[in-house]
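This report describes selected features of one protein model. Please consult the sequence and the structure shown below alongside the text.

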Amino acid sequence: MGFVSGVVLGLIFGIALVVAFVLSENSRARRRSQRAAYIAALSRLTVEDSRKLLPKEFFPPWVVFSQFQKLTWLNSELVKVWPYVDQAASQMMKALVEPILEQYRPAILDSLTFSKLTLGTVAPQFTGVTIVESGDNGVIMELEVKWDGNPSIILNVKTIFGVALPIQVKNVSFTGVFRLIFKPLVDELPCFGALTYSLREKKKLDFTLKVVGGNTKSIPGLSGAIEDTIRDAVEDSLLWPVRKVIPIVPGDYRDLELRPIGVLDVKLVQAKDLINKDLVGKSDPYAVLYIRPIRDRVKKSKTIDNELSPVWNEHFEFEVEDIATQHLTVKIYDKEGVQDDELLGCAQVQLKDLEPGKLKDIHLALVKDLENRKPDTKNRGQVHLELIYSQFGEENGFGGLLAAGAQPFGMTSLEKVLSNGMNGQRLSSLSPGKRKDIIRGVLSVTVKRAENLTSTDLGGKADPYVVLTMKKTDAKKKTRVVPKNLNPEWDQTFDFVVEDALHDMLIVEVWDHDTFGKDFMGKLALTLTKVLHEGEYDGDFPLDGVQSGQIFLHLKWTPQPI
């Protein structure tokens, strides 16, 4: 009886296993079918469908949706007409670029000209096209171009030592975006008055130099000098906002040509918490600033030795040609002496975010690479800038600072803003060289209170006081000591006679008073730009060099005649 029961139970268990296996396989098959249907549906999604399903913030930063549409048909036609384009464009490029090569010719060269220039047999590929919304009387088209060409370019190079070298430009690889502007629209064929073209964005430009029958390394520095000259020539002749206007219908198109529309005045105040690249000591930082990265438009600060939080307080001025697309780039380098200087970090400011005539005080986090779309998680420090954009031909709250004849000679746009804000109180009898940059007055500083100061005493308290110092004159003022308090109140006012307000700084230091010395509790460096701009203001400022603490100040500026 037990044997029969065991057989029956075994059969039932076996049948159950078979049924469970069949049901499991059927379920897996249904899931596979569903996944296949989902994958097929996803494969049919367009870029627009993806954007509708997921907002932009859900995508990782390295995912970029191209705005460009494919142009396979145009590439096929371009291959056919390329030999004719080569003949027509080669001579035009030679006439366009050769004067710019001469303009940027390095000191080591006596002459730099083309002996041969053809574009080769490989046509560029248009990888996409898009139409830019402009809102004005015109059509803007942008073409994405990639070219790995085989041009025949030979430069006649003559050095100052009398050595003549034919240098071949080889292995040219270029990727960029060209902008075509059809403007203005008119009521006669071809329905636009002029064609304007420019290189909107240079994504990549690589090439190699080879001396025909020799080596560029035979003359130290020659290869790098020529390479920099070629890159400067491309930047200055083609890169936006540079543009070339080709009239189609007779008319006046001077408004389409490149011209400055304003001035950006930059005060490079300081950097904080830079990376130390030196094995011995600290980095020796300096800053490079530019809007257009061509040789005569790039500004460089002084080098601050052995300092990771350098204070520069330097002024620079830049011409602006297109505020909608241009940006200010700041790069901080470590001076290395004999070796190549090492990049510590960089940052950018979009000029479209600036309001004309208004001071913008910004602190920018430094990153490793401006082209890298992945977030930079490493702390590389920050740079502090003060910016004023002044637009030509427009008045602002300072009474037409750029009106003709209203500017004192030789001043930056920042100085013009401030001098107009103070009713032009300057010394008219000084020579132009001595008149420049002079703004005199009295700075009143009220030290109100501090909060959350870092404890320096064993009992968890401190006896804080504040020292105020004008950097240029080293004039000092000191508050009273507040005993045993990490949130002290002073409410004391001090006056400083300032002879050169634009180039001076107020240094604020908090110290703990001890019987046999003092302990550091934080520091702050303030330019006078904001108080000159606004007359007076209240501010609470975090203290540098300590874990916590902020100080509350009131600053007032009273201008005085010189």
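How many residues does the largest nonpolar core have, and which have the most contacts inside it?

## Basis of the model

This is a predicted model, in which local features need pLDDT of at least 70, side-chain atom pairs count only at pLDDT 80 or more, and totals for chains, interfaces and linings use all residues. Residues are numbered from 1 along each chain as its sequence is written, and side-chain values use heavy atoms, without hydrogens and water.

## Nonpolar cores

The largest nonpolar core (buried Ala, Val, Leu, Ile, Met, Phe, Trp, Tyr and Cys residues joined through side-chain atoms within 4.5 Å; buried means under 20% relative accessible area with a 1.4 Å probe, protein chains only) has 44 residues. Those with the most contacts inside this core are Leu 101, Leu 155, Val 157, Ile 167, Val 169, Ile 226 and Ile 230. Strand 5 (strands are DSSP runs of E, at least two residues) contributes the largest share, seven residues.

Ile 230 is in contact (heavy atoms within 4.5 Å) with Leu 101, Leu 155, Val 169, Phe 207 and Leu 209, leaving out residues up to four places away in sequence. A second, separate core of 34 residues includes Val 447, Leu 453, Leu 506 and Tyr 537.

## Thr 325

Thr 325 is located in the loop between strand 11 (311-320) and strand 12 (327-334). Thr 325 counts as buried because its relative accessibility is 19%.

The side chains of Thr 325 and Asp 322 are joined by a polar contact of 2.7 Å (a pair of N or O atoms within 3.5 Å; within protein, one must be able to donate a hydrogen and the other to accept it, and residues adjacent in sequence count only if both atoms are side-chain atoms). Beyond its neighbours within four places in sequence, Thr 325 is in contact with Arg 200 and Trp 240.

Methods
Helix = DSSP H or I, 4+ residues; strand = E, 2+ residues; numbered from the N terminus. Buried < 20%, exposed > 50% of the residue type's maximum accessible area, 1.4 Å probe, protein only.
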